[in-house]
Amino acid sequence: MAQLLKQPTGSSCSYRADEIVDAQAKYPVQGKITLTHSGQGILIRAELTVKVELTCSRCLNEFLYPVSFSIEEEMPPTINVSSGLPLSKEPSDFTVDSNNMLDLGEIIRQYTLLNLPMKPLCQPDCAGIKEVSSHGSA
Ligand SMILES: [Zn+2]
């Protein structure tokens, strides 16, 4: 990240999502993340699939739902490009931790929430709660 800002504008590098955000994300993340030095900062482009545990709105079973989305976000530089020193901290959605890694976990979390289905179904033709003889207290 910091290294990228020292490279010429237009430089980019790609990462596997699970390599850099696994520890930050609540759910397994798969896909590719490309960071490009845009001249203003870092342009984040990613094609991701996050497997989220949802509760089926019909049968109430929990199931893993793969949420796919693409991210395109520009992050302002957090370090002074010429000196490599951190800029004064400003409130921002995007933070860089002590390892100079993007806090992509928060971005991914927001995109994941935006892309969740309103009425999740464990399968497209979920039959819902079957009226079996042994129903519970509900
Ligand atoms: Zn279901």
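This passage walks through a zinc site, a set of paired strands and a few buried residues in a predicted model.

The structure is a predicted model in which local features need pLDDT of at least 70 and side-chain atom pairs count only at pLDDT 80 or more, while totals for chains, interfaces and linings use all residues. Residues are numbered from 1 along each chain as its sequence is written, and side-chain values use heavy atoms, with hydrogens and water left out. A word on confidence helps here: pLDDT is the predictor's confidence in each residue, from 0 to 100. The protein has a mean pLDDT of 78, with 70% of its residues at 70 or more. Over residues 89-93, pLDDT stays under 50, and the model has 0 contacts beyond four places in sequence for this stretch; contact means heavy atoms within 4.5 Å.

The zinc ion makes a good starting point. Its coordination comes from the SG atoms of Cys56, Cys59, Cys122 and Cys126, at 2.2 to 2.3 Å. Donors are N, O and S atoms within 2.8 Å of the metal (3.2 Å for Na, K and Ca), and because water is not among the atoms, sites may look incomplete. The angles among the 4 donor atoms run from 105 to 117°, and the site is tetrahedral. Four donors earn that label if all angles lie between 85 and 135 degrees; four are square planar and six octahedral if opposite donors are over 155 degrees apart and all others between 65 and 115, and anything else is irregular. For four tetrahedral donors, the ideal angle at a metal is 109.5 degrees.

Along the chain, the donors follow the spacing C-x2-C-x62-C-x3-C. Cysteine 56 lies in the loop between β3 (42-55) and β4 (62-75), and cysteine 126 in the segment after α3 (104-114), so the pair ties together parts that are 70 residues apart in sequence. Helices (H or I, at least four residues) and strands (E, at least two) are DSSP runs, numbered from the N terminus. Both of these cysteines are buried: cysteine 56 has a relative accessible area of 1%, and cysteine 126 one of 7%. Buried means under 20% relative accessible area, exposed over 50%, and partly exposed in between (1.4 Å probe, protein chains only).

Next come the strands. Two strands pair if DSSP finds at least two bridges between them. β1 and β2 are antiparallel partners over 5 bridges, and tyrosine 15 stands opposite isoleucine 33 in β2. β2 also pairs with β3 in the antiparallel sense, over 9 bridges, with valine 29 matched to valine 50 in β3. The hairpin of β2 and β3 has 4 residues between the strands, and there glycine 39 takes a positive phi near 100°.

Histidine 37, in strand β2 (residues 29-37), is buried at a relative accessible area of 6%. The side chain of histidine 37 reaches the backbone oxygen of glutamine 7 at 2.7 Å. Glutamine 7 itself sits in the loop between α1 and β1 and is partly exposed, at 36%. Serine 11 belongs to the loop between α1 (2-6) and β1 (12-16) and counts as buried at 16% relative accessibility. The side chain of serine 11 reaches the backbone oxygen of proline 8 at 2.7 Å. Beyond four places in sequence, the residues in contact with serine 11 include Leu4 and His37.

Definitions and conventions
Polar contact = N/O pair within 3.5 Å; in protein donor to acceptor, adjacent residues only side chain to side chain.
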